[in-house]
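Student: Could you take one part of this model and examine it closely, with the cut-offs behind each term stated as they arise?

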Amino acid sequence: DNGNVEVVVAVIDTGVDINHPDLNDNIVVDGNDDPLGFSALDNNATRNGSDKVRGNAKGGVPGPPDKGDGGGGGDGDGPTFADDNGHGTHVAGIIAAEINNMADLANDAEGDASWTGGVVGVAPRASILPVKVLGASGGGSHEDVAEGIVWAADNGADIINMSLGGGFSETVQAAVQYAANTMQVVVIASAGNGNYEGSGYPAGYVESLSVAAVDQFDKRAGFSNYGDTVDIAAPGVSILSTFIDRDDAGQTGEFLGGYGRISGTSMASPVVAGTAALIKSQKPGWGPSEIVTQLLVTTALSNLELAEACMDIDSLNPSYAGKLGAGRVDALAALGPQVSTPVVLAVGGLGANGSTLNRFEFGSNISVQFSHVMDSDSVMDPTNYQLIADDDGVDGFDTVSYTHLTLPTITSGCRARGG
């Protein structure tokens, strides 16, 4: 599945180079067939340049090269939502850089036979809605971010990606709640590059999906935030994507053909946004609840399978076990049959709010009753359930009798955590 043009992903960032040859056919257009987008900076010039919110690229974007007339912005010839930094264009490419367009790219390289550039986004058939809330420096204000969120929600966004972060803001929180709850938009944001436990905002709001970064070996990126507020992880180290220097196609330089490698949770968030776009393309009737559940549960289930080989994200990151969300996103699994949120039943130890629950003595009989409602797309064997036990130093589960329950083998060493 390559996505669907009807699925709209708003990139709330520094703008987007709408003329980039790997993006130009995937930009949302209005009724006049003109590119559709928005710049919150135009509505209040006094806020332009504020640094209350910044993009979450590690170390920042290396700086915009010559923009020419390629839609990079800054020369007065491009749209108001043009990218004069590069960060937003890079994010947009991760989500929806075009597929099967090598002829167009080669033509843009102006006949340089040595040029073999081009990338493909996670959802290369999805549509990008550019929303500019950060200036050329990569900084912006809470007010502009909030305005951009509301505009995107009101103008057809199915998914919002925010690869940016700052402190808590009631204004931004209200905008996120409006998008997620009122307009039924999936809101995804980068957890932050502070290397601390917790998420920046807007990722830290309950209505947002917070994304941490891992490297190509599924190890936590050294800069990435982590903790209980993180929902999911995705690749975010040295990610190749589109950049605004399209005039240098075929020439030597750091950004060959308007492409570059950047690291950050800014790069991880659009991987998840692209995966959400694939799910939405496959299930156009699904809302945020179904899409987020599909993302998180399929990721968690993939992680459980990897646990047997000690390759789950907790085993690979023992110092951050349980602090990288459901695991590394699995796009293939997410496009499989619909899954349901697992039923989690606390029968001993501590409750979710820290309250003390009864511990059961050896030999106790435990009776658990629950119901499960399935729709036509759900896959579940009603006679075969699993109990997945976290190892608290008590390894007695395999001696207890169960009725109509398949109990996985509990061994020492690597195995699934929680359940």
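Tutor: The account below begins with one threonine and then turns to a helix that it touches. The model is predicted, so local features need pLDDT of at least 70 and side-chain atom pairs count only at pLDDT 80 or more, while totals for chains, interfaces and linings use all residues. Residues are numbered from 1 along each chain as its sequence is written, and side-chain values use heavy atoms, with hydrogens and water left out.

Thr-14 belongs to the loop between strand 1 (8-13) and strand 2 (38-39); strands (E, at least two residues) and helices (H or I, at least four) are DSSP runs numbered from the N terminus. Thr-14 counts as buried because its relative accessibility is 1% (buried is under 20% relative accessible area, exposed over 50%, partly exposed in between, with a 1.4 Å probe and protein chains only).

Leaving aside residues up to four places away in sequence, Thr-14 touches Ala-82, Asp-83, Asp-84, Asn-85, Gly-86, His-87 and Gly-88, and also Lys-132, Leu-134, Gly-135 and Gly-138 (contact means heavy atoms within 4.5 Å). With Gly-88, a polar atom of the Thr-14 side chain lies 2.8 Å from the backbone nitrogen.

His-87 and Gly-88, two of the residues touched by Thr-14, are among the buried residues of helix 1. Helix 1 spans residues 87-96 and is mostly covered, with 10 of its 10 residues buried. Besides His-87 and Gly-88, the buried residues of helix 1 are Thr-89, His-90, Val-91, Ala-92, Gly-93, Ile-94, Ile-95 and Ala-96. Thus a buried loop residue, Thr-14, touches residues of a mostly covered helix.

Terms used: Polar contact = N/O pair within 3.5 Å; in protein donor to acceptor, adjacent residues only side chain to side chain.
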